Amino acid sequence: MKYPAVQYHDYLQLESLLNAQHRQSEKMNNPVHDEMLFIVVHQVYEIWFKQILWEIDSILKVFTSPKVEENSLGLAIARLERVLAIQKLINGQIDILETMTPMDFLEFRDYLYPASGFQSLQWKLLETKLGLTEKQRLTYFSGPFYQHLKADQQEVIKKTLAEPSLFDAIEKWLERTPFLQADGFVFWQEYKTAALKMLENDKQIVSTNTRLSAEEKEKNLNGLKATEQSLNSLFDEKTFTELKNQGLFRMSWKSLQAALLIFLYRDQPALQLPYRFLSTLLDLDEKLTEWRHRHSLMAHRMLGQKIGTGGSSGHDYLRAATEKHKVFNDLFNLTTFFIPRSQLPVLPKEIREKMNFNF
Ligand code: HEM
């Protein structure tokens with residue numbers, strides 16, 4: 001087959017791409033130089049969002065299939081790492097936009113009403129596909145969070161909300177983790193014994209420490225008691241469910257157990273890829289939070305206490321969303337339940353063999 005000759009400019013559709021920067025200020029007969037930067041930076045973000053969604057969609061496909069093959073897990077990690085590399089780049093782009101001063105921004109800001117980042121379909125899609133639910137979001141307006149989007153785009157979000165998110169798919173995948181219970185070994189029971197023993201040991205150290213005053217001892221022991229309570233909540237399904245209903249956990253009991261097993265025994269060959277996947281996921285969530293934080297600081301610097309063009313409280317909304325709009329918070333909190341390697345229950349030989357590659 002003879003391949004047709006491809007032309008650089010045509011292949012990349014530069015005609016449309018490079019002719020898509022139209023300053024509103026020019027249309028209003030008051031051309032402002034810096035509006036070009038504002039448009040270009042936003043467009044570059046949207047193009048990178050497109051690539052991120054492309055990768056996330058392919059990862060979703062892997063995890064929503066009934067069985068996640070080991071080799072597709074490696075591919076999913078490679079793609080998540082690519083997303084991370086993009087995130088690092090786009091988080092840094094704020095530096096470029098901040099070369100525009102608030103006074104320069106004011107020159108054309110009024111022309112942009114009521115356009116706003118709230119109308120970014122791709123951003124809302126990204127958050128939704130990752131697993132940020134409607135319930136979790138800041139309730140700033142009375143209507144749904146996607147109300148600022150165009151009517152057809154709202155339908156796209158509604159459809160996405162009805163599909164499993166990456167959070168849902170990963171939860172199911174974790175629930176299917178083997179090794180939690182096998183060959184007479186019940187991970188959770190063994191772990192409970194080890195964790196409570198560690199706490200008893202800590203209590204002993206505090207109680208016999210002659211350098212601590214009675215008051216300091218009491219304070220330390222109360223702290224350990226709180227850790228014990230939180231550990232117990234994890235061991236008892238009923239208590240866990242109550243806490244989950246109160247919003248303290250989002251992941252299921254079983255999936256959290258599996259994630260803990262993966263984090264604690266990550267050196268075992270069978271758990272290395274799942275461990276890398278989960279920790280890259282944490283990196284991704286962290287980078288998103290970093291972006292939200294930098295964007296909120298930029299908005300503060302540009303607007304002070306002014307409201308946003310989309311009608312939110314501006315910087316205050318963005319700062320609160322930075323804190324609240326996290327997807328994999330449970331995985332971050334899991335560290336609370338870590339115990340030192342030396343005190344981990346030893347895995348039975350049969351399980352270790354199953355977790356290893358035997359040639
Ligand atoms: C001068 C620079 C910027 C300022 C002052 C600014 C300000 C704001 C404000 C105040 C909001 C809250 C919504 C509203 O009331 O309008 C917002 C939302 C948003 N902005 Fe920006 N922004 C800037 C640049 C950017 C850039 C470069 C992007 C890149 C895509 C961006 C993406 C977004 C997104 C996605 C939202 C929605 C956030 C959410 O739904 O929680 N913004 N922005």
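A donor here is an N, O or S atom within 2.8 Å of the metal. The structure on screen is a predicted model, and the tour starts at its metal.

**Stop 1: the iron atom**

Select the iron atom of the ligand and look for its donors from the protein. There is a single one, atom NE2 of H295, 2.1 Å from the iron. Now colour residues 269–303, which form helix α14; H295 is found in this helix. Stay on the H295 side chain for one more distance: an N or O atom in it is 2.9 Å from a nitrogen atom of the ligand.

**Stop 2: the shell around the ligand**

Next, show the residues around the ligand. There are 27 of them, and those that come nearest are K124, H295, G310, S312 and Y317. Pick K124 and find its polar side-chain atom, which lies 2.5 Å from an oxygen atom of the ligand. Then pick S116, where an N or O atom of the side chain is 2.8 Å from a ligand oxygen.

Which elements give two or more residues to this shell? They are α4 (35–64), α7 (121–130), α14 and α15 (315–324). Helix α14, the one that holds H295, gives the most, with 6 residues. Colour the shell by class and the split is 16 nonpolar, 10 polar and 1 charged.

**Stop 3: the cavity**

Leave the ligand and turn to enclosed space. The count is 1 cavity of 30 Å³ or more. The largest cavity holds about 60 Å³ of space.

To see its walls, select F49, I52, Q87, I90, N91, W123, L126, K287, L288 and W291, which line the largest cavity. At least two lining residues come from each of α4, α5 (70–97), α7 and α14. Helices α4, α7 and α14 also appear in the list of elements giving two or more residues to the ligand shell. By class, the cavity lining has 7 nonpolar, 2 polar and 1 charged residues.

**Stop 4: a salt bridge between two helices**

Side chains of opposite charge can pair when their charged atoms come close. Over the whole structure, a search finds 20 salt bridges. For an example, select E55 and R82, whose side chains meet in a salt bridge with an N to O distance of 2.9 Å. What does this pair tie together? E55 lies in helix α4 and R82 in helix α5, so the pair ties together parts that are 27 residues apart in sequence.

**Stop 5: two places in the backbone**

Switch to the backbone and select Y113 and P114. Is the peptide bond between them cis or trans? The bond from Y113 to P114 is cis, with omega near -10°. P114 lies in the loop between α6 (102–109) and α7.

Move to Q13, in the loop between α1 (8–11) and α2 (14–17). Phi of Q13 is near 50°, a positive value in a residue other than glycine.

**Stop 6: the second largest pocket**

The last stop is an open space. The second largest pocket contains about 510 Å³. Its lining has 15 residues; select T133, Q136, G247, F249 and R250, the closest to the pocket's centre. Two elements can then be coloured, α15 and α16 (329–333), as those that give two or more residues to the lining. Of the elements, α16 gives the most, with 3 residues, while α15 is also listed for the shell around the ligand.

Finish by colouring this lining by class: 3 nonpolar, 5 polar and 7 charged residues. For comparison, return to the shell around the ligand, with its 16 nonpolar, 10 polar and 1 charged residues.

Technical notes:
Residues are numbered from 1 along each chain as its sequence is written. This is a predicted model: local features need pLDDT of at least 70, side-chain atom pairs count only at pLDDT 80 or more; totals for chains, interfaces and linings use all residues. Side-chain values use heavy atoms; hydrogens and water are left out. Donors are N, O and S atoms within 2.8 Å of the metal (3.2 Å for Na, K and Ca); water is not among the atoms, so sites may look incomplete. Helices (H or I, at least four residues) and strands (E, at least two) are DSSP runs, numbered from the N terminus. A residue is near a molecule or strand if one of its heavy atoms lies within 4 Å of it. A polar contact is a pair of N or O atoms within 3.5 Å; within protein, one must be able to donate a hydrogen and the other to accept it, and residues adjacent in sequence count only if both atoms are side-chain atoms. Ala, Val, Leu, Ile, Met, Phe, Trp, Tyr, Cys and Pro count as nonpolar, Asp, Glu, Lys and Arg as charged, and the others, Gly among them, as polar. On a 1 Å grid over the protein atoms alone, a cavity is a set of points where a 1.4 Å probe fits but cannot get out, and a pocket is an open set with protein on both sides within 12 Å along at least five of seven lines; lining residues have an atom within 4 Å of a point. Grid points are joined across faces, edges and corners, and a volume is the space filled by probe spheres set on the points. A salt bridge is a side-chain nitrogen of Lys or Arg within 4 Å of a carboxyl oxygen of Asp or Glu.
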